[in-house]
Amino acid sequence: MNQSLHVVMLSDHETAGGAAIAASRLANGLLEAGAKVTRLVARPDGQRHPWETMRLLPSRTTRVMRLLQAEVESRLGAHLLPVDWVTIHPQLRNLLKLLEPDVISVHNIHGARLWPDLLSLCTVHAPTVWTLHDMWSFTGGCAYSYDCRRFASGCDTSCPEIDYVLGGYRRSIRHAWRLRRRLFVRHPDLVAVCPSGWLSEQASAGLWQGHRIEVIPNGLDLETYIPLDRAFARRALGISVDGPVVMMAAQSLASRWKGTQHLVESLQRVGARPLAVLTLGEGDLDVLREGIHVVPLGYIDHERTKVLAYNAADLLVHPATADNLPNVIIEALACGTPTVAFPVGGVPELVRPDRTGWLARDVTSESLTESMEHALQAITTGHDLRASCREVAQNEYALDLQAQRHLSLFRSLQRERDLDALPILT
C-alpha cells in the first residue's frame, strides 16, 4: 500500500476536456493503489469525487487587476497573463505548506500561460512531475506546432500559428518561449511524463532537453469500458440501421485540429450505403448526401452512455490533424472498436494496421476515404478486430498499470530528494 504517499495534482479544469479527463482517471488509479490524492484546480466541476478537491480562487483584487491589465495591454499591444492565475499564487503557496505533498503532479495549466513562479513554487515544496498533454509547455504558446520546428531553437514572430497563439500578439511569442526556457534552466529537476513516445521525442528536441522524461501512456478503467453486443448497444441508443455504423468523438467537433471537415468530405465520397454516423461532442456534422444518416448524440460525460456509443459503432473515425494519445481511441479499443485515423502525433502508437485499426496514407480527405472503405470492407467480411483491440487495451492501457508506473516514478523522485537533503560528511 502507498497510504503515506500524498500526491497533489494541479490543473486548470477538474474534469472538463481530454487532459482533465486523463488526469481524473490517473487520480482514481492512484487512489485505488492506496495513495492519497488532493486536487488543486482553478475550475472545479462541483461534483463529488473520491479525491479531495480544493479550488484555487482569485483574490479580491482580481477585479482591479483585470482593469489594470486591460489598460496595460491596450498601451503595449501585448497579451499579458490571465489575472486569475497570477492572483492565485499566494493561495497556492499557503495550500502547499498546509498539505505537505510528497509529490506534485502538474497537468494542463494553459490558463497560466506558463507563469514561471507557478512551477517554481511547486518545486520548492516537493518533487514536481509535469504530465504533458500536448506541446504547449515547450513552445511559444501553441498546443501543436504541426510541421514547424521553431520551438527547438526559439519561437518568434514568424510563428505560423500566430492567429491561434496568445491572442495573436506577435511580440508575445518570443517572450513566452523565453519564459519557458528560463524556467527549465532554473529547474533541472523538473520531470516530464509524456503519454506517447512521439511527444517525448518532441519535448526532448526542445526545451525539455536534458531533463528526465518518462513515457507513461494514459490508462482506462477496463471494468467500465468493455465490449458489449452491438445489437444491444444500438437498441439502447435507439439506433435502427441496416448498414454499418461509424462514429466520431471529440469534445468539440468544431475544434480546428479535430479534422471534422476531412470526415465530412470523406463521407461524401465513401461508397458504403446506407451508412450511419454517430457523433459525440458539441457541434454538428453537415453531410448532405443520400444514404448517410447522422445521429448526433451531443456532448456526453456519462461513462455508460459513452460505452454504449462505442459498442454501437463498427468503426471509430478519428480525423484529427494533430494529437498526442487520444482518450477516444483508447476508449474505443477497450470496447473492441477499431479506428481509422491519420498518421499524426502519437496516434500510430494506438492505431496499428490490421490489429487495432487502419491508418490513412497521409493527411488528406482522399486518403481518409480510402482507409474508411478498406476498413468497412474488412469489417463486413468478418475482420472486425474486436478481440485484438480489447487485448491491446488490456495489456497496455489498464488504469492500474498506469498508476503503478507513476507511483514507481514518484518513489524514485522521493528517494533522490531525500538523498540530496542528507548532510555532506567531511
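A salt bridge is a side-chain nitrogen of Lys or Arg within 4 Å of a carboxyl oxygen of Asp or Glu. In this predicted model, a search of the whole structure finds 15 salt bridges.

Three of the pairs, with their N to O distances, are as follows.

| Pair | N to O distance |
|---|---|
| Arg-269 and Glu-366 | 3.4 Å |
| Arg-212 and Glu-214 | 2.9 Å |
| Glu-303 and Lys-306 | 3.9 Å |

The side chains of Arg-269 and Glu-366 meet in a salt bridge. Arg-269 lies in helix 8 (residues 260–269) and Glu-366 in helix 12 (residues 365–380), so the pair ties together parts that are 97 residues apart in sequence. Arg-269 is partly exposed, at 39% relative accessible area, and Glu-366 is partly exposed at 43%.

Arg-212 is partly exposed, with 30% relative accessibility, and its partner Glu-214 is also partly exposed, with 26%.

Glu-303 and Lys-306 are three residues apart in helix 9 (residues 303–312), and therefore separated by about one helical turn. Glu-303 is partly exposed, with a relative accessible area of 32%, whereas Lys-306 is buried at 9%. Both belong to one network with Arg-25 and Glu-331, joined by salt bridges that share partners.

Turning to the strands, strand 5 (residues 128–131) has Thr-128 and Trp-130 pointing one way and Val-129 and Thr-131 the other, and all are buried. Strand 5 runs parallel to strand 4 (residues 103–106), with three bridges joining them. Three bridges also join strand 5 to strand 6 (residues 191–194), again in parallel. Val-129 is the bridge partner of Ser-105 and, towards strand 6, of Val-191.

Notes. Residues numbered from 1 in each chain as written. Predicted model: local features only at pLDDT ≥ 70, side-chain atom pairs only at ≥ 80, totals over all residues. Heavy atoms only, no water. Buried < 20%, exposed > 50% of the residue type's maximum accessible area, 1.4 Å probe, protein only. Helix = DSSP H or I, 4+ residues; strand = E, 2+ residues; numbered from the N terminus. Pairing = 2+ DSSP bridges.
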